Structures are given as structure tokens and as C-alpha cells.
Amino acid sequence: MALYVLYEHAAGYGLFSVKEFEEIGMLLPQVEASILDMARFNSIVKLVGFHPFKTAVAALNNVNAISEGLVPDDLSGFLDTTLPKRSQQKPITLGVADAKLGAAISEALDVQCSHIGAVPEILRGIRHHFSGMVKGFTDQSAAVAQLGLGHSYSRCKVKFNVHRSDNMIIQSIALLDQLDKDVNTFSMRIREWYSYHFPELAKIVTENYMFAKVAHFIKDRKSLTAERLPELEEIVMDEGKAQAILDASKMSMGMDISVVDLLNIEMFAKRVINLSDYRKQLADYLHSKMNSVAPNLQTLIGDQVGARLISKAGSLTNLAKFPASTVQILGSEKALFRALKTKSNTPKYGLLFNSSFIGRANAKNKGRISRFLANKCTIASRIDCFAETPSQVFGEALKQQVEDRLKFYEQGEVPRKNLDVMKEAIQRANEQAAEEKKKKKKKRKHEETNGNSAELNGNGESGKKKKKAKLDDTNGDAAADESTLNGSSAVPEDTMDVSNGEQKKKKKKKNKNRESAVEA
């Protein structure tokens with residue numbers, strides 16, 4: 001049996017022949033020891049052919065195809081021309097590094113491929129001595145090719161990542177959870193710090209965000225007077241609470257505090273307020289991203305629970321691949337393995353416990369609702385992942401099914417069948433898609449009519465200009481006709497002056513003759 005090994009490098013493809021394959025397979029430890037010795041390794045492995053990549057784009061296309069388990073055209077052509085024809089007497093085995101690539105090559109070229117045994121060690125030796133086995137190839141050129149291809153491949157993977165929106169959701173929900181912890185910690189710190197000066201305020205204003213705003217507004221409790229009461233009412237949004245704060249400030253048991261300490265408390269309160277405001281903006285951003293990426297999952301269980309499920313699964317595609325039993329206990333892995341180890345009851349819910357449906361259910365029905373909700377979440381995530389046009393129709397139908405199931409457990413009302421609900425949801429989704437198409441057509445027609453009207457307006461202006469030019473031409477023709485009628489046809493100005501001069505001389509002579517006749 002003849003063994004050939006395919007090695008994929010950033011500069012191109014290399015095909016190597018291995019001598020005494022059966023003996024090598026028997027003496028695997030000796031092969032491992034002889035890898036670092038160039039002379040001993042060359043006696044076993046010989047270069048048969050090398051196919052360099054013509055451009056960096058070709059190298060990127062080839063590595064993308066190989067990473068997906070496909071055989072690129074360059075590789076198939078190279079193997080067709082370089083590999084010897086197989087025969088019954090001497091079969092050929094092609095050693096490859098990736099099992100997926102080996103399966104694709106064997107399917108496309110009908111060549112037996114192997115990635116086990118001595119092949120990984122031989123590939124390790126080829127990788128170590130590759131620059132010395134190919135003529136005109138150096139370690140420096142190999143490093144440059146690997147660096148350039150690595151950068152372009154990473155850039156392509158980041159640019160054309162199908163989970164880009166999922167990553168935004170994962171990062172935003174992680175930041176939201178971190179902000180919740182930080183805001184709570186900072187709020188407790190500002191509450192404790194400002195209570196040295198005004199301890200009664202903590203009992204009157206219990207909300208952390210409101211306490212920070214009130215502390216930032218009051219500063220020194222002695223400066224709080226009846227004149228500032230309307231502004232305090234705007235912050236607290238309660239007239240009685242604002243009056244209670246004013247009364248407590250006059251009779252407070254807190255200690256006096258210096259200006260520098262008050263300044264630091266004010267700065268810290270302002271920072272807490274800004275963090276709380278940013279947390280609201282981040283929640284709005286998460287809502288918009290969930291609405292565009294997973295609208296049905298968002299409608300079913302809300303923004304934060306849906307985002308946590310996507311974050312725990314890694315992406316929306318991974319969540320869609322999970323069965324309902326995995327989604328049900330997603331987030332409770334520690335409790336699950338503890339239960340398996342101690343042979344106790346397994347957990348009934350994980351992240352789904354934060355959903356409002358489980359909180360509304362009775363203690364004996366929490367497990368049932370959790371299982372039912374996980375089933376609906378799996379359906380919603382699969383619709384969001386693989387649907388061409390996102391819509392909230394299925395999410396609303398699935399949510400109504402969970403509500404009906406809750407009523408069934410509490411009151412005994414029989415819910416509708418899943419088949420009927422899904423048929424109705426599909427019909428509504430088709431109607432909604434048809435309406436959107438109609439709206440798009442109307443919008444296109446409106447844009448086209450606006451464009452045509454603009455063109456018509458432009459043609460109208462040019463038509464007016466043409467009309468003006470025609471009118472000017474006709475006016476000129478009329479003037480010429482008038483001049484011809486008056487006996488002064490279109491003649492140059494010089495000839496006109498000469499003729500007028502001759503006429504004047506004749507008139508003068510006639511006048512002189514008349515005067516002489518009168519004198520006589």
C-alpha cells in the first residue's frame with residue numbers, strides 16, 4: 001500500500017510520498033524520534049509536488065473552503081494531476097490532517113483517505129521541515145505567508161459572521177447584569193454615606209435611584225427651605241413626601257458635614273444617577289436588538305430572559321438546535337450535576353424561572369409550566385432563526401397558549417389545540433407579509449411618481465425657455481417685416497448711412513434752388 005500525505009500550507013498545497021509505510025506503522029515511536037532529524041526524515045518522506053497559490057485572494061478562498069470541509073477546485077486539480085493512478089495491485093492511501101476534508105476528498109475523487117496512525121506524526125515532521133523540503137522556500141517567506149493569510153482569514157470570519165447581532169445581544173445582557181450589580185452597590189454606598197448627614201431621608205425615600213437624585217439636589221440639609229419645595233416635588237413626584245423631607249431636614253439628628261465631604265458625596269451621587277440613566281438606555285437598546293433578531297422569543301418571555309437564553313447557548317442558532325429539555329434546565333447545570341451525583345431530584349427550571357409565567361403558577365404546577373414554556377421557547381427560537389421575514393405573530397400565539405395552559409391548571413378551562421393555533425398564526429403571518437409587500441409596492445410607486453414629476457418639472461422649465469426663445473425669434477421676424485414694409489429692408493448700417501447722406505444732399509440742393517428763385 002502506497003501512502004501519500006497532503007499538507008496544506010499558507011503558500012500552497014504540498015503532496016509527499018512516504019516510503020515503507022507498513023514498517024513505519026509498526027515502528028511509531030521511532031518515527032516520533034526521527035522527526036527532528038532532517039536527514040532521517042528525508043529518507044522516509046519525499047516531496048512529490050507543490051502547488052503554490054497565485055494570489056492572496058486565492059489562498060483565502062481555499063482556506064475558507066477547507067475550513068468548511070469542502071474541496072476547492074485548486075486542490076482537486078492538483079490531486080488529479082499529481083496523485084498516481086490507483087491499481088488493484090498497489091492501492092493508494094492519502095493522509096490528511098482533517099477528517100472532514102478527508103471525507104470530502106474521498107467522495108469527490110474516489111481516493112481512500114486516512115487521518116490516524118502515523119499520519120499525524122508525519123504531518124508534524126513535514127510542518128517542521130517544510131521550508132527545507134521545498135526549493136526556493138525559506139522560513140521568512142513561510143512566516144510572511146502565514147501571517148498574511150491568518151490576518152485575512154480572521155478579518156473575513158469577523159466580517160461575515162452570521163452571529164453578529166447575537167454577539168451584540170450577548171454583550172449587552174452581560175453589561176446589563178453587571179450594571180445592575182454596580183448600581184445596587186453604589187446606591188447602598190451613597191445611602192450609607194449621606195445618612196451620616198441626613199439619616200431620616202433613607203426611611204422617607206426607599207428607592208435607590210430616587211435617593212441619589214434627592215441627595216444630589218439637597219446637598220446640605222440646612223439649605224433646604226420652603227422656596228425649594230416645588231423643585232423637590234418635581235424630583236420626588238409626591239407632594240406629601242416632599243413636605244415630609246422638608247420637615248425632617250429641620251429636625252434631623254444627623255451630624256454637620258464639611259464642604260469638601262459634601263462635594264464628594266454630590267459627585268458620587270451624580271455618577272450613580274448617570275449610571276442608572278445609562279442602564280435605561282442599554283435596556284432600550286437591548287429591546288430594539290431583540291425585536292430585530294428574535295421577535296417571537298422576545299414576545300413570549302421578554303427581553304432579558306430571552307437574551308440570557310441566547311447568551312447561555314452562545315447564539316440564536318445554538319439555542320434553536322437545543323431540545324426543549326435542554327432549554328428547560330439551561331442555567332442550572334450545577335444543580336443538575338449535583339442531583340445526578342447524589343441521585344436526588346433534578347432541577348425543574350433554570351433561567352426560565354425568571355419568567356413571569358412560572359411566578360404566577362402554583363407550587364405543584366411550576367414544573368409543568370416550565371416544561372410547557374421550554375417547549376414554546378424552542379419553537380419560537382427556531383422560527384426566529386430560520387424565518388426569512390421576522391414577525392411577532394407566532395410569539396403572540398405561543399404566549400396565548402401558555403396563558404391558556406395556566407388557566408387550565410388553575411380553573412380547568414380546556415385550551416385550544418396546538419394545530420389550530422399554528423394554522424391561524426400561519427394565516428396571520430401570510431396576511432401580514434402580503435400587507436408589507438403592498439406597502440412596499442405603494443412606496444415604490446410613490447417614489448417613481450415623485451421622480452417623474454420632478455422630471456416633468458424640469459421639462460416644463462426647459463419648455464418655457466424654448467417658448468421664450470421662440471417668442472424672441474418671432475419678435476425679431478416681425479421687426480424685420482416692419483422694416484421691409486417701411487422701405488428699409490435688412491441692409492447693413494454703413495449702406496444705410498450712405499443712402500441717407502445722398503438723400504440729404506439732394507434735399508439741400510432743392511432748397512437752395514428754391515431760395516434763389518424766390519430772391520430773383
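# A guided tour of the model

Start with the whole chain in cartoon view: the protein chain carries 24 helices and five strands. Helices (H or I, at least four residues) and strands (E, at least two) are DSSP runs, numbered from the N terminus. Before you zoom in, note that this is a predicted model, in which local features need pLDDT of at least 70 and side-chain atom pairs count only at pLDDT 80 or more, while totals for chains, interfaces and linings use all residues. Residues are numbered from 1 along each chain as its sequence is written, and side-chain values use heavy atoms, with hydrogens and water left out.

**The whole chain**

Switch on the surface. The accessible surface of the protein chain comes to about 32,800 Å², and 53% of it belongs to carbon and sulfur atoms; accessible areas come from the Shrake-Rupley method with a 1.4 Å probe, and for residues only the protein chains shown count as cover. Of the 520 residues, 35% count as buried. Here buried means under 20% relative accessible area, exposed over 50%, and partly exposed in between (1.4 Å probe, protein chains only). Among contacts in the protein chain with a separation of 6 or more, 65% are between residues 24 or more positions apart; a contact means heavy atoms within 4.5 Å.

**Stop 1: helix α7**

Select residues 119–133, which make up helix α7, and look for H129 in it. Is H129 buried or exposed? H129 counts as buried because its relative accessibility is 7%. Leaving aside residues up to four places away in sequence, H129 touches I35, L36, D37, M38 and F41, so show those side chains too.

In the same view, pick E121 and R124. They form a salt bridge, with the closest N and O atoms 2.9 Å apart; a salt bridge is a side-chain nitrogen of Lys or Arg within 4 Å of a carboxyl oxygen of Asp or Glu. E121 and R124 are three residues apart in helix α7, so about one helical turn separates them. E121 is buried at a relative accessible area of 17%, whereas R124 is partly exposed at 39%. A search of the whole structure finds 11 salt bridges, and more of them come up below.

**Stop 2: helix α11 and what follows**

Next, select residues 208–218. Eight of the 11 residues of this helix, α11, are buried, so the rest of the structure largely encloses it. The buried ones are Y209, M210, F211, A212, V214, A215, F217 and I218. Just after α11, check the backbone of K219, which takes a positive phi of about 60°.

A little further along, show R221 together with D256. The two form a salt bridge whose closest N and O atoms are 3.9 Å apart. D256 sits in the loop between α13 and α14 and R221 in the loop between α11 and α12 (229–236), so the pair ties together parts that are 35 residues apart in sequence. R221 is buried, at 8% relative accessible area, while D256 counts as exposed at 51%.

**Stop 3: a bridge between α20 and α22**

Now go to E403 and R360, a salt bridge with its closest N and O atoms 2.7 Å apart. This pair links distant parts of the chain: E403 is in helix α22 (residues 393–411) and R360 in helix α20, 43 residues apart. R360 counts as partly exposed, at 42% relative accessibility. Turning back to the previous stop, salt bridges that share partners join R221, K222 and D256 into one network.

**Stop 4: two more positive phi values**

Most residues other than glycine have a negative phi. Select D110, which is not a glycine yet has a positive phi of about 60°. D110 is in the loop between α6 (99–109) and β5 (112–114), and counts as partly exposed at 48% relative accessibility. Then try K343, also with a positive phi of about 60° although not a glycine. K343 is in the loop between α19 (333–342) and α20 (356–360), and at 79% relative accessibility counts as exposed.

**Stop 5: a nonpolar surface patch**

Finish on the surface with W193, Y196 and M255, which make a nonpolar patch of about 320 Å². Patches are made of residues with over 30% relative accessible area and no salt bridge: like charges are joined within 9 Å, and nonpolar side chains (Val, Leu, Ile, Met, Phe, Trp, Tyr) within 5 Å. M255 is in the loop between α13 (239–250) and α14 (259–293), and counts as partly exposed at 46% relative accessibility.
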